Amino acid sequence: MPLRYLAFPLAALAALSACGERDDRTEITVQRFFGACQAEYGDVIDPQEAEGECGIITAMINQFEAENPDIKVVENTVFWPGYDQLTSQIAANGPPDVVTMHSSAIPDYEARDLLEPLGEDLPALGLTADDFTAAARAGVTVDGEVMGIPIDVWAPLWHINLNLFREAGLVDSQGRPIMPRSTEEFLEHADRFVEATGKPYFIQVTTKDLAGPSRIFQVYMMQQGDPVFPDPRHADFDNARGREVLKFMRDVYAGGYSVRDQDYAANVSAFLRGMGGILVDGTWMVGQFDAAAHDPDSPLYQGYAVRPVPMMFDGPPVSLVDGHNWVMPRDSSRTPEERAAALRFLRFFAENDFQWARTGHFPAYRRIIDSAQWQGLPHRDDIAIITEIGQPLPNYVRRQAPIELIVGEEVSAAFTGAKPIDAALRDMERRTNDVLQSF
Amino acid sequence: MSSAAVRRVPRAAVIGVTMAAGLMVLPMLWVLILSLKDSSALMADTTTAFSPPWTLVNYANIVGDGQVAVWLLNSTIVSLLMTGGVLFLSSLAGYGFARLEFPGRNILFIVVLFGLAIPEQAVIIGRHQLFAAAEMHNTYTALVMPGLSAPFGVFLMTQYFRAIPREIDEAAMLDGASRFRVFWRVLLPLTVPAQATLGIFTFFHAWNDYWWPLISATNRDMLTLTVGIAASQQNFAQAEGLGFLMAQAVFAGLPVLIIYVIFQKYIVRAVAGAAGQ
């Protein structure tokens, strides 16, 4: 009989679908990026023994489980940034209990009412919004409502090969790097640097990755004062300020002061090999570059410094920042016990934020910024100013992720000479406005 | 063509093919050699891959992560179930379209063929909502079932059944065989070459599939190897964990390589057969 032949596959499907184990602990699903490193840190429950984003967050979750035996954490690690999967889970009515989310993505999800406000839960976490740094607070607050618990604040920085700077005479009497204070001074320093070392002054992403060029452009626009996004539906790129920024970026590239044909990985490798003076990269690389500065075999040996992106335009001091946060997607099936367990998880991370700050990111809490422990970490005093001047893009700009890609495409095309500057600015503004107005 | 010309052309062809093969193998060798270096050394300079020390630590880390074994098992289960299901259903459908007379047969066959022209992306939202409504995401059923709809398989098997002379069916029926017995005992064994083609293509497609498992399997224990490996990457893994990443790529490719070595003869025939369709 035909059914005889159907029996096995159907039974196999049914049996496999029903696989599972009973567990009396309250289960919460924690979804995050930062990669998987179970092989190296799966058994580590002391974050102090871990290094790097992946290692530290893995150890912190292990520690939480060890200290909270009544809670089972199901850890979902997603391919960065994981928003496609999250959206898919929300559409399938099965979102995780807590999930990592960039500050720049929170307004997008909040506008669609997909996140639970957490402001009323702050007392249960032992927190008030005043405990957050200004930048961290701005990153999780939308229309006055706290939508997440900040993990960190990060910013693009200038990582400096001090050995090459010394060779070019670009250090002061105390051996500190001399930073340019204008675009003209930048080009002058770059000229001196290239002449003295034969290497490019500036290491930046010039191909494939779009976030880097977009962030550099946004920083320079912010340094000129006037808002790039005057209201929630409009961007203002196609103006004299935009032209000045792109012309400067084009001058750097065309003048031979920048690396060429490098993506993010090539950038990092080039900097570690001593192939250029300044690398534009984020807070997360401070720890690794500092380790290289202590390695006698490294070109960075005793020659690494890091600074905020210097002010080169005439506006008020400012630095572009974003941040990582925990948010709680709305889920009508979440039980009070699961919600309480998720809040305990968030409280644990808030209490142990110093461990995370060892990655190089800025702590999200004032008490840690003010602590001798954090200030004693390498290079933190050189970049701590960002916690005061850091500004995210306004959170009324709902679609920041796609906008970052659009801006990155147009900026890359303009500074590499693939597209005229005027056309790039025009297209950047038109495409961005399309996104803002279609929301 | 003179005999001298015949001798010259193959030599050039051999050289050309050898060079092309070498070019194709180079990236794979590069992946292999990177996988044998410590990630921290590669982060500083990838050219260190050409000099010792080499290490198996990246492979040890893979084996040490229990999740990889789970993903490997998931990929194997999904690929085998999908391959078996496609062979079973496509054979039945192919036989039906080739041998049975029923109202609307030709229209139905055309409708099935339309499936070849509809990209997966066009139906993904509807499919996702369907499985969400049935609360079937994060199950093997959800991972396997969409792949069972295989218009190419139905088309291939239909054409193959049509090429078998009807006299064979008639002779079997005269001997008292039922229609299912004719299908199962007489015709199906004759379609083994087509089954091999379809089975190999389906298995490789299921093994390498990324998009649907990415969307449907969001629980870490239900990930397939392709999605799991992608999820293991750190934010900037191309810079931070290159050796481990390459070891994962080699590890993921090994089962397919083993299958290729075992079934090489059939795969070559399958590809040649598909090209001749």
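In this predicted model, chain B and chain A touch through 36 residues of chain B and 34 residues of chain A. On the side of chain B that touches chain A, eight helices of chain B are worth listing: H2 (39-44), H3 (57-64), H4 (66-99), H6 (120-133), H7 (140-148), H12 (211-216), H13 (225-232) and H14 (237-240) each supply at least two residues. The largest share, five residues, comes from H4(B).

Within chain A, the domain assignment gives domain 1 (25-150 + 324-360) and domain 2 (156-321 + 394-438). The C-alpha centres of these two domains of chain A lie 30 Å apart. Their contact takes 11 residues from domain 1 of chain A and 12 residues from domain 2 of chain A. On the domain 1 side, helix H5 (residues 106-111) of chain A gives the largest share, three residues.

The table sets out the residue classes for two of these contact sides.

| Side | Nonpolar | Polar | Charged |
|---|---|---|---|
| Chain B, touching chain A | 16 residues | 17 residues | three residues |
| Domain 1 of chain A, touching domain 2 of chain A | five residues | three residues | three residues |

Another element of chain B is helix H8 (residues 151-162). What span should its 12 residues have at 1.5 Å a residue? The expected value is 16 Å, because the span is 1.5 Å times one less than the number of residues. The end C-alpha atoms of H8(B) are 16 Å apart, which agrees. Buried residues in H8(B) are B:Gly153, B:Val154, B:Phe155, B:Leu156, B:Met157, B:Thr158, B:Tyr160 and B:Phe161.

Notes
Residues numbered from 1 in each chain as written. Chains lettered and ligands numbered in written order. Predicted model: local features only at pLDDT ≥ 70, side-chain atom pairs only at ≥ 80, totals over all residues. Helix = DSSP H or I, 4+ residues; strand = E, 2+ residues; numbered from the N terminus. Buried ≥ 20, exposed ≤ 12 C-beta atoms within 10 Å, placed from the backbone. Domains from an automatic or database assignment. Contact = placed C-beta atoms within 7 Å. Nonpolar A, V, L, I, M, F, W, Y, C, P; charged D, E, K, R; others polar.
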